[in-house]
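Student: I would like a close look at a single part of this model. Please take one charged residue, then go through what it pairs with and what lies around it.

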Amino acid sequence: TCSSGDMLYSVFGHSAIRVKDDSLRIDIVFNYGTFDFDTPFFTIKFMNGDLNYMLAYTTYDRFIRSYTYEKRSVTEGVINLNHTEKQLVWDYLVWNSQPENRSYRYDFFFDNCATRIRDIFFDIKNISIQPNGNKISSTTFRDYIHSHLPASTWTAQGIDFLLGAKTDRTANYYDRAFLPLYLDSLFVNYNVISLQKSVLKGSVKPYSNSDDMWFTPDLLGFLLVLFAIMFTILEYCKHKYIKFFDLFLFTICFLLSLLFWYLWLFTNHEVCSLNANVLWASILYFPIIICIVQNNFKNLTLVLSFLNILFLIAFFMLTILNVQDT
């Protein structure tokens, strides 16, 4: 189990399987968290959720050197397996690491470097967790993400914007093991691990994109509200409509709506579906922008604006009812 790093891609930590057999001089690490940067159309596949991850292996020394270089901690737990179970795991890993078998469709919550390891050992040991068992809290997938990200940062806010209502599903003991830290505790609680020890002490500073940034999402929200009040007062005093602020704000909302709808409808990112943010970042802002630019269709503008107000009310109702935490 590897600790968080100082880069965004490493903020959630990492899990891998070490196989050590002194008699056969085997000491290698199997890693489900790798992908090929040379994949054709890599960026497009990554954005669309079509990028295949794969199982790779390397020597234990090389694995540890990479985490030593990154100054990240590594903890090792010895898995409780009898001889037959060890052989089953080894045979499966060897088969799974073959070029024709090693690729899989990555899913952040349900199929990643940690869940693959969880499923291997739970299957081998015939351990099952009832979906509605006693070991369930009210903590959601989004809550577990927040536990690894610094609050009030652009990264945290951006992730919250992009993830839909499915992220607010309650995660049980088994589900939360999509994060390496909780995979570790799951194995301890179910006696899958017999012994734990620290093999590398890290000193890296946890990831944060806010250390030197005073311009936070909260400050941006405050400034937008302040400017909206100022322009409203100015328009009232001068009896004149100042359109550029509305055009700026509506254009940003419309572009965000395109992004939300694209991720929801046209990608394989399941966690980006059912996103309530499409209510406040409404696609109806586009015809409103056209009406404002042409200074025409005032009645249509009023109707569309009224609909957007209804959408905003619906959005706030969904957040109040905890349908989606935004």
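Tutor: This is a predicted model, and the part to look at is Asp 168. Its relative accessibility is 14%, and since the cut-off for buried is under 20%, Asp 168 counts as buried. The side chain of Asp 168 meets that of Arg 142 in a salt bridge, with 2.8 Å from N to O. Asp 168 sits in the loop between helix 6 and helix 7 (180–189), while Arg 142 belongs to helix 5, so the salt bridge ties together parts that are 26 residues apart in sequence. Arg 142 is buried as well, at 1% relative accessibility.

Now take the helix that comes before this loop. Helix 6 covers residues 154–162, and its buried residues are Thr 155, Ala 156 and Asp 160. Viewed down the axis of helix 6, these residues fall within an arc of 130°, so they line one face of the helix. Among the elements that cover them are helix 5 (141–146) and helix 10 (277–280).

For comparison, consider another pair. Asp 175 and Arg 169 also join their side chains in a salt bridge, at 3.0 Å from N to O. Asp 175 is buried, with a relative accessible area of 14%, whereas Arg 169 is partly exposed at 40%. Elsewhere, Arg 18, Asp 27, Glu 76 and Lys 197 are joined into one network by salt bridges that share partners. Within it, the closest N and O atoms of Arg 18 and Asp 27 are 2.7 Å apart. Arg 18 is partly exposed at 27% relative accessibility, and Asp 27 is partly exposed at 23%. The count of salt bridges in the model comes to twelve.

Key
Residues numbered from 1 in each chain as written. Predicted model: local features only at pLDDT ≥ 70, side-chain atom pairs only at ≥ 80, totals over all residues. Heavy atoms only, no water. Buried < 20%, exposed > 50% of the residue type's maximum accessible area, 1.4 Å probe, protein only. Helix = DSSP H or I, 4+ residues; strand = E, 2+ residues; numbered from the N terminus. Arc of directions from axis to C-beta. Contact = heavy atoms within 4.5 Å. Salt bridge = Lys/Arg side-chain N within 4 Å of Asp/Glu carboxyl O.
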